[in-house]
Amino acid sequence: MSYAVKRSLLAGLRWTSLRLRLVVVFALVALTAAVSASGIAYWLNREAVLTRTQDSALGDFRQEMQGRAASLPLHPTRDDLQNAAVQMASSSPGYSVLLVDERDTGKPIVGNSDLDTFTLDNVPLSLQKAVNKRQPVEAGNKYEYHLFWQRTSIRGTPYLVGGTKIIGGGPTGYMLKSLDQERQDLNSLAWSLGIATGLALIGSALLAQAAATTVLRPVQRLGDAARKLGEGKLDTRLVVSGTDELADLSRTFNRTASSLEKRVADMSARDEASRRFVADMSHELRTPLTALTAVTEVLEDEADSLDPMIAPAVRLVVSETRRLNDLVENLMEVTRFDAGTARLVLDTVDVADQVTACIDVRAWLDAVDLDAERGMMVRLDPRRLDVILANLIGNALKHGGSPVRVTVRTEGDQLVIEVRDHGPGIPEDVLPHVFDRFYKASASRPRSEGSGLGLSIAMENAHIHGGDITAANSPDGDGAVFVLRLPRDAEQLTRSGGGHDAGDRDEEGDAT
């Protein structure tokens, strides 16, 4: 079974699945309706069957009492009662008869059509009392005695027991009618209704499945298309058929996808044009900047011999020319990152030697306190590590306070370099933006020695190694802490990315 099929089945079986909920709701509605209908049908049929049997038996018993029992002598013998009971039961098969009379007070005489199945003990006492109780004759009651009946169970079998007394003197008669056949008929009906309920439940589940498939398949296709669109496949479109609401939704999705694709294409084109413009501009500026740099170096050498009124202007030109040269170099580096052409040139180096060299070449030995053990070998791009360290340490020296402490350690398969200064720290509203391009903490100092690109370039160089840089204030409130984390072996990145760095120039950090 393929992965897609398994995924589809598992999705259909999740309790949060709309398909499962739809099937469950259909099944519950069908079950409720079927059980209600079956219960009402069973109850109506039960009452109809029992009432019909009861009325037939009691009506026949009443006639037999009026015909045979009423014609008995005033003081019948046991044999008279026995014969009458047998005749009454024989004339209408299906129930037993019990006749009771008194020869003397307190001496009952009993005649039974079937002594084994029907005795006076089978007649409930409440029924006996109701049958023998004389009712007052009045406007609403014309007779002293009435016919009473009761349903009872004898040894697990349901029975109908009825009784009445002859008015004007005569025996008391009781009848016993078995309802076992009616119970069997009702049980058969209950089984039939149960089977019908089960079939209705199965049918509703199948119907719900069909409805879910019909309704949810377009929704699933829409979800898959939206997922592909979110993954960047902007040419994803849905096949639209029909005129229902789902078809309208599909058309809306297609229009939205087309509009989004066009907007992204326009933005990509503008972004590419911007990157090309910056790259071309930076490249074109390098030639005149080279000439300017050469001229400014000559002017700087001759500054001490120039007129005191001209010397400050010369020094300003030299400073701004160098700043412009750094800005152009940084812009070209940023353009490489944006274009995806920046590559790693890996080498196995001693981290302590690399950090020492970075500090030494920039004459920062007196201002930086280094804590690094020699022999800590890592595989990375030395030039890019130098760029990162130059920016972090230079930023700490410029905006923090001496001494700047640099700590190097390893954590598992990671190289961790911590740069800490002893300045006022970084304002909380600035922390989220310290790695943004051209961001400067003070809006009142838009012109500073940095271009606002140094920390962002450091971050890009960390990312290309598969690492990261975090900025925070020291917990004791003394200065800011920048933590660089790089993998100790970036070989895998080189294999997956391929290629070498586009340039091999020395980049010095531009502190923001």
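This section describes strand pairing, a long helix, aromatic contacts and backbone features in a predicted model.

Strands 4 and 5 form a hairpin in which 6 residues lie between the strands. Strand 4 comprises residues 157–165, and its pairing with strand 5 is antiparallel, with 7 bridges. Within this pairing, Gly163 has Tyr174 of strand 5 as its bridge partner. Gly168 of the hairpin adopts a positive phi near 90 degrees. Strand 5 itself spans residues 172–178, and 6 of its 7 residues are buried, so the strand is largely enclosed by the rest of the structure. A contact between a charge and a ring involves Lys165, whose charged end sits over the ring of Tyr145 at 5.8 Å from the ring centre.

The loop between strand 3 (148–154) and strand 4 contains Gly156, and Arg155 lies in this loop as well. Arg155 has a positive phi, near 50 degrees, although the residue is not a glycine. In general, residues other than glycine mostly have a negative phi. With a relative accessible area of 72%, Arg155 is exposed, whereas Gly156 is partly exposed, at 47%. The C-alpha atom of Gly156 is separated by 9.6 Å from that of Asp180, a residue 24 positions away along the chain.

Helix 5 covers residues 180–230. For its 51 residues, a rise of 1.5 Å a residue gives an expected span of 75 Å; the C-alpha atoms at the two ends are 71 Å apart, which agrees with that expectation. The helix carries a kink of about 35 degrees at Leu216, shortly before the proline Pro218. Both Leu216 and Pro218 belong to the buried residues of helix 5. Among the other buried residues of this helix are Glu182, Leu186, Leu193, Thr197 and Ser204, together with Ala208, Ala212, Leu222, Ala225 and Leu229. Just after helix 5, Gly232 takes a positive phi of about 105 degrees.

Aromatic pairing occurs twice, as the structure holds 2 aromatic pairs. In one of them, Phe61 and Tyr95 are arranged edge-to-face, with 6.4 Å from centre to centre and 90 degrees between the planes. This pair connects distant parts of the chain: Phe61 belongs to helix 2 (residues 18–67) and Tyr95 to strand 1 (residues 95–104), with their positions 34 residues apart in the numbering. Phe61 has a relative accessibility of 0% and therefore counts as buried. Tyr95, at 7%, is likewise classed as buried, because the class takes in values under 20%. The other pair consists of Phe435 and Phe482, whose ring centres are 6.1 Å apart; their planes stand at 85 degrees, so this pair is also edge-to-face. Here too, distant parts of the chain are linked, the two residues being 47 residues apart. Phe435 is located in the loop between strand 10 (414–420) and helix 10 (454–464), while Phe482 is part of strand 12 (residues 480–487). Phe435 and Phe482 are both buried.

Strands 10 and 12 also take part in an open sheet of 5 strands, which has the order 7-9-10-12-11 and mixed pairing. Its edges are formed by strand 7 (368–371) and strand 11 (468–473), each of which pairs on one side only. On average, neighbouring strands of the sheet are turned by 15 degrees against each other, direction ignored. Within the sheet, strand 9 (residues 404–411) runs antiparallel to strand 10 and is joined to it by 7 bridges. One bridge partnership is that of Glu411 with Gln414 in strand 10.

Ala363 is placed in the loop between helix 8 (351–361) and strand 7. Its phi is near 60 degrees, a positive value in a residue other than glycine. Ala363 has a relative accessibility of 68% and so counts as exposed, the class being that of values over 50%. In helix 7 (residues 311–339), by contrast, Glu320 is partly exposed at 28% relative accessibility. The C-alpha atoms of Glu320 and Thr296 are separated by 9.9 Å, and the two residues lie 24 residues apart along the chain.

Key
Residues numbered from 1 in each chain as written. Predicted model: local features only at pLDDT ≥ 70, side-chain atom pairs only at ≥ 80, totals over all residues. Heavy atoms only, no water. Buried < 20%, exposed > 50% of the residue type's maximum accessible area, 1.4 Å probe, protein only. Helix = DSSP H or I, 4+ residues; strand = E, 2+ residues; numbered from the N terminus. Pairing = 2+ DSSP bridges. Phe/Tyr/Trp six-rings, centres within 6.5 Å; stacked < 30°, edge-to-face > 60°. Lys NZ or Arg CZ within 6 Å of the ring centre and 35° of its normal. Expected span 1.5 Å × (residues − 1). Bend = angle between axes of the 7 residues up to and from the residue. Axes fitted to C-alpha atoms, helices over the stretch in contact; angles between N-to-C directions.
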